[in-house]
Amino acid sequence: LRQQYSCVVRFAYNRFIENKSEKDIRLLCKSLNNIDLLDSWLVQCAIMDAKALFVRLKDTKRPLIFGGRKSFTQLIKNKLTKEQFKQKRLLPLNIQGEGCKNGNRKFSLNIIDENFITFKFAVKEHYTLHLPKLKSNYKNKLYCLEEIIKEQKTSFSIKLTEKCVYFTFEESSSEILNSKINNRYLAIDLNPDNIGISICDRDKYKQSIIDTKYY
């Protein structure tokens, strides 16, 4: 899975360099003949991974070498085998979260009762991933996440390698998510060298500035 996922990330990244749109890249990925294990959502996650890489690195002058420049140099000097370099090029399987899909369409959490997560690779093909004994601060955060997900109020992303499971989510509570002040809004002013933020209350007759920030 990670080998095929990495292939799509590399392919999509190079297409972004060619100024292809995300829609065009999705269509081009259908021509790849070595990604039979990936469904449409895994392909989309790989494309989003590639896009994030492209946005982060587009202003750098040196080309990206998947696997690392140091490893590539070692390969050229025969200090690293081709198989070892292939392992270095493997990227984590990065499944993006979706609030409307119980937090994540490919994973479900059962941490509070059983301390495991379920990887729903396909409709009839699920894998149970047992977590190690967690530190109390990690455990509390994941407990909170599981409770909020039940109310479909947040999403979480998961990265998988051969050894690790990485959780990414916004730390918040259901009380915070439920709070709302009518007629209050936040406006952001993006400039080349600064960001301005204003929090205002507005009704039919007047507008009041609650707070401003300048970064």
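Arg 105 and Glu 98 are joined by a salt bridge whose closest N and O atoms lie 2.6 Å apart, and this pair opens a briefing on a predicted model. A search of the whole structure finds nine salt bridges, several of which are described below together with two pockets, a nonpolar surface patch and two backbone features. The largest pocket holds about 520 Å³ of space, while the second largest has a volume of about 160 Å³.

**Salt bridges**

- In the pair of Arg 105 and Glu 98, the arginine counts as partly exposed because its relative accessibility is 33%, whereas Glu 98, at 14% relative accessibility, counts as buried.
- Glu 22, Arg 26 and Lys 51 are joined into one network by salt bridges that share partners.
- Lys 106 and Asp 39 meet through their side chains in a salt bridge with an N to O distance of 2.4 Å. Lys 106 belongs to the loop between strand S1 (93-95) and strand S2 (107-110), and Asp 39 to the loop between H2 and helix H3 (40-57), so the pair ties together parts that are 67 residues apart in sequence.
- Lys 106 counts as buried, because its relative accessibility is 6%, while its partner Asp 39 is partly exposed, with a relative accessible area of 29%.
- Glu 83 and Lys 86 form a salt bridge in which the closest N and O atoms are 3.7 Å apart; both residues lie in helix H5, three residues apart, which is about one turn of the helix.
- Glu 83 is exposed, with a relative accessible area of 51%, and the cut-off for that class is over 50%; Lys 86 has a relative accessible area of 47% and is therefore partly exposed.

**Largest pocket**

- The lining of the largest pocket consists of 20 residues, and those nearest its centre are Leu 131, Leu 134, Cys 164, Val 165 and Phe 167.
- Three elements each supply at least two residues of this lining, namely strand S4 (125-130), helix H6 (136-150) and strand S6 (165-169).
- Sorted by class, the lining of the largest pocket has 13 nonpolar, two polar and five charged residues.

**Second largest pocket**

- The second largest pocket is lined by Gln 3, Ser 6, Arg 10, Glu 83, Lys 86, Gln 87, Arg 89 and Leu 90, and the elements that give two or more residues to this lining are helix H1 (2-17) and helix H5 (82-89).
- Helix H5 gives the most to the lining of the second largest pocket, with four residues.
- The class make-up of this lining is one nonpolar, three polar and four charged residues.
- Glu 83 and Lys 86, which are among the lining residues of the second largest pocket, are also the two partners of the salt bridge with closest N and O atoms 3.7 Å apart.

**Nonpolar surface patch**

- Leu 186, Ile 188, Leu 190, Ile 195 and Tyr 215 make a nonpolar surface patch of about 550 Å², and the largest share of the patch, three residues, comes from strand S7 (residues 184-190).
- Tyr 215, one of the patch residues, lies in the segment after strand S9 (207-214) and counts as exposed because its relative accessibility is 58%.

**Backbone features and helix H2**

- Asn 78 has a phi near 60°, a positive value in a residue other than glycine; Asn 78 is found in the loop between helix H4 (69-76) and H5, where its relative accessible area of 71% makes it exposed.
- Asn 115 likewise has a phi near 60°, again a positive value in a residue other than glycine; Asn 115 lies in the loop between S2 and strand S3 (116-122) and is partly exposed, with a relative accessible area of 22%.
- Asp 24 lies in helix H2 (residues 22-29) and counts as partly exposed because its relative accessibility is 35%.
- Asp 24 and Ala 12 are 12 residues apart along the chain, and their C-alpha atoms are separated by 9.9 Å.

Technical notes: Residues numbered from 1 in each chain as written. Predicted model: local features only at pLDDT ≥ 70, side-chain atom pairs only at ≥ 80, totals over all residues. Heavy atoms only, no water. 1 Å grid on protein atoms, 1.4 Å probe; cavity = no way out; pocket = protein on both sides within 12 Å on 5 of 7 lines; lining within 4 Å. Points joined across faces, edges and corners; volume = space filled by probe spheres on them. Nonpolar A, V, L, I, M, F, W, Y, C, P; charged D, E, K, R; others polar. Patch = residues over 30% accessible without salt bridge, like charges linked within 9 Å, V, L, I, M, F, W, Y side chains within 5 Å. Areas by Shrake-Rupley, 256 points an atom, 1.4 Å probe, with all protein chains shown as cover. Salt bridge = Lys/Arg side-chain N within 4 Å of Asp/Glu carboxyl O. Buried < 20%, exposed > 50% of the residue type's maximum accessible area, 1.4 Å probe, protein only.
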